[in-house]
Amino acid sequence: MGGSGGGYSIPGKTLGELEKEREARAEKEKFEADINQYIKDLFKDLNDRDVAGISRHLETLKNALEKDIEGSVELRFGGSIIKNTYADGLSDVDMLVQINNSGLANAKPDEVLKIFSEQVKRRLPNTEVKIGKLAVTVKFTSGHEIQLLPSIKTQTGYRISRPGENRWSNVIKPSKFAEKLTTVNQANANKLVPLIKLIKKINAGLPQQKQLSGYHIESLAIDAFKNVTSAPKTYKGMVEQFCRHAEKAVLKPITDSTGQSIHVDNYLGESNSVYRQRASTTFKQIIKRIENANNANSFDSWKKLLDGE
């Protein structure tokens, strides 16, 4: 039963080679673990929302809007907050201003936006107030930006302004999208919503002309992870899958399930437009950065990407 061997080896490989492979695996495992821990730490900052401060601002705005307006005005969270994808410092606070039984019911969207702006400026003369295509944006000295999106009540629901048309939309169903996002998030062990916040952070670090809308990012994420059986289990892997999916998915419009418009990404134009090709190229560049970082086991390269640098 004896033998002269000094240990075990795999045919064709020396003990030294096997040891190097073991060390390489250990280095790769540590690299993966360090990145995933860094991502988890980032979520603490992304979720750090000043609830009390925002609430005070909203109460001030509600009082301003109700003054001299017939009927009732209600503020309802919309956008990233109702979907839990709000990221501190990256997302505006979107508010649906529901106008019920008001003399504004027959007004055009641009008339309502003008009235909103005037009401807020009277109440907050030293605060920055801007009228956009769909909403009035109020920027407080605290750093919070609150967007007031008018919605007119009808017998079947609420309508908002259609971009660039100065008329009211079909009846919107924002809860439908939120429910879909919740379903896919739960199927992915509640990791999809944190991932969306992380992608928004990466997106915010891009030049403005290359940035996607928050709603577009959310829609891409749902599509990328609706098949949970093939979804990665780590945040690092999810970032990689999102980018690879988005590289191709941005080339075609995504249908808007809320009814606000036909597509969630109208701002990029028709299929394979110049703007869509530019968005696809941006994701190709991000994927290349990821591949280079992975090949070099470079934590610093990943950190720069995640920090939007």
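Q: Which residue in β4 stands opposite K130?
A: In this predicted model, strand β3 covers residues 128–131 and strand β4 covers residues 136–139, and the two pair in the antiparallel sense over four bridges. One bridge sets E128 against K139 in β4. For K130, the residue standing opposite in β4 is T137.

Q: How many residues lie between β3 and β4 in their hairpin?
A: Strand β3 takes in residues 128–131, and strand β4 takes in residues 136–139. The two strands form a hairpin, and the number of residues between them is four.

Q: Which residue in β5 stands opposite T137?
A: Strand β4 also pairs with strand β5, residues 145–153, in the antiparallel sense over four bridges. Within this pairing V136 stands opposite L148 in β5. T137, which stands opposite K130 on the side of β3, has as its opposite residue in β5 Q147.

Q: Which residue in the hairpin of β4 and β5 takes a positive phi near 100°?
A: The strands β4 and β5 pair in the antiparallel sense, and their hairpin has five residues between the strands. The residue with the positive phi near 100° is G143.

Q: Which residue in the turn between β5 and β6 has a positive phi of about 150°?
A: Strand β5 pairs in the antiparallel sense with strand β6, residues 158–160, over three bridges, and in this pairing K153 stands opposite Y158 in β6. These strands form a hairpin with four residues between them. The residue in its turn that has a positive phi of about 150° is G157.

Q: Which residues touch the most other members of the largest nonpolar core?
A: In soluble globular proteins, nonpolar side chains tend to be buried together. In this structure the largest nonpolar core has 44 residues, and those touching the most other members are F225, F242, W302 and L306. The elements that give two or more residues to this core are α1 (15–46), α5 (174–187), α6 (192–204), α7 (214–225), α8 (235–249), α9 (274–295) and α10 (299–306). The four residues asked for are therefore F225, F242, W302 and L306.

Q: How many residues does the other core, with I99 and W168 among them, have?
A: Apart from the largest nonpolar core lies another core, and its residues include I99, A107, V138 and W168. The number of residues in this other core is 21.

Q: Which residues does W302 touch, not counting residues up to four places away in sequence?
A: W302 is one of the residues that touch the most other members of the largest nonpolar core. W302 is also one of the α10 residues that meet α9. With residues up to four places away in sequence left out, W302 touches F31, I35, K236, V239, E240, I290, A293 and N294.

Q: Why is α9 roughly antiparallel to α10?
A: The two helices pack with their axes 8 Å apart, at an angle of about 155°. Angles over 145 degrees count as roughly antiparallel, so α9 is roughly antiparallel to α10 because their angle is about 155°.

Q: Is the crossing of α6 and α8 left-handed or right-handed?
A: The axes of α6 and α8 come within 10 Å and cross at roughly 60°. Here L192, P194, L195, L198, I199 and I202 in α6 meet Y235, M238, V239 and F242 in α8. While the crossing of α9 and α10 is left-handed, that of α6 and α8 is right-handed.

Technical notes: Residues are numbered from 1 along each chain as its sequence is written. This is a predicted model: local features need pLDDT of at least 70, side-chain atom pairs count only at pLDDT 80 or more; totals for chains, interfaces and linings use all residues. Side-chain values use heavy atoms; hydrogens and water are left out. Two strands pair if DSSP finds at least two bridges between them. A nonpolar core is a set of buried Ala, Val, Leu, Ile, Met, Phe, Trp, Tyr and Cys residues joined through side-chain atoms within 4.5 Å. Buried means under 20% relative accessible area, exposed over 50%, partly exposed in between (1.4 Å probe, protein chains only). Contact means heavy atoms within 4.5 Å. Axes are lines fitted to C-alpha atoms, for helices over the stretch in contact, and angles run from 0 to 180 degrees between N-to-C directions. Angles under 35 degrees count as roughly parallel, over 145 as roughly antiparallel, 65 to 115 as roughly perpendicular and the rest as oblique. A crossing is left-handed if the near helix is turned anticlockwise from the far one by less than a right angle, and right-handed if clockwise.
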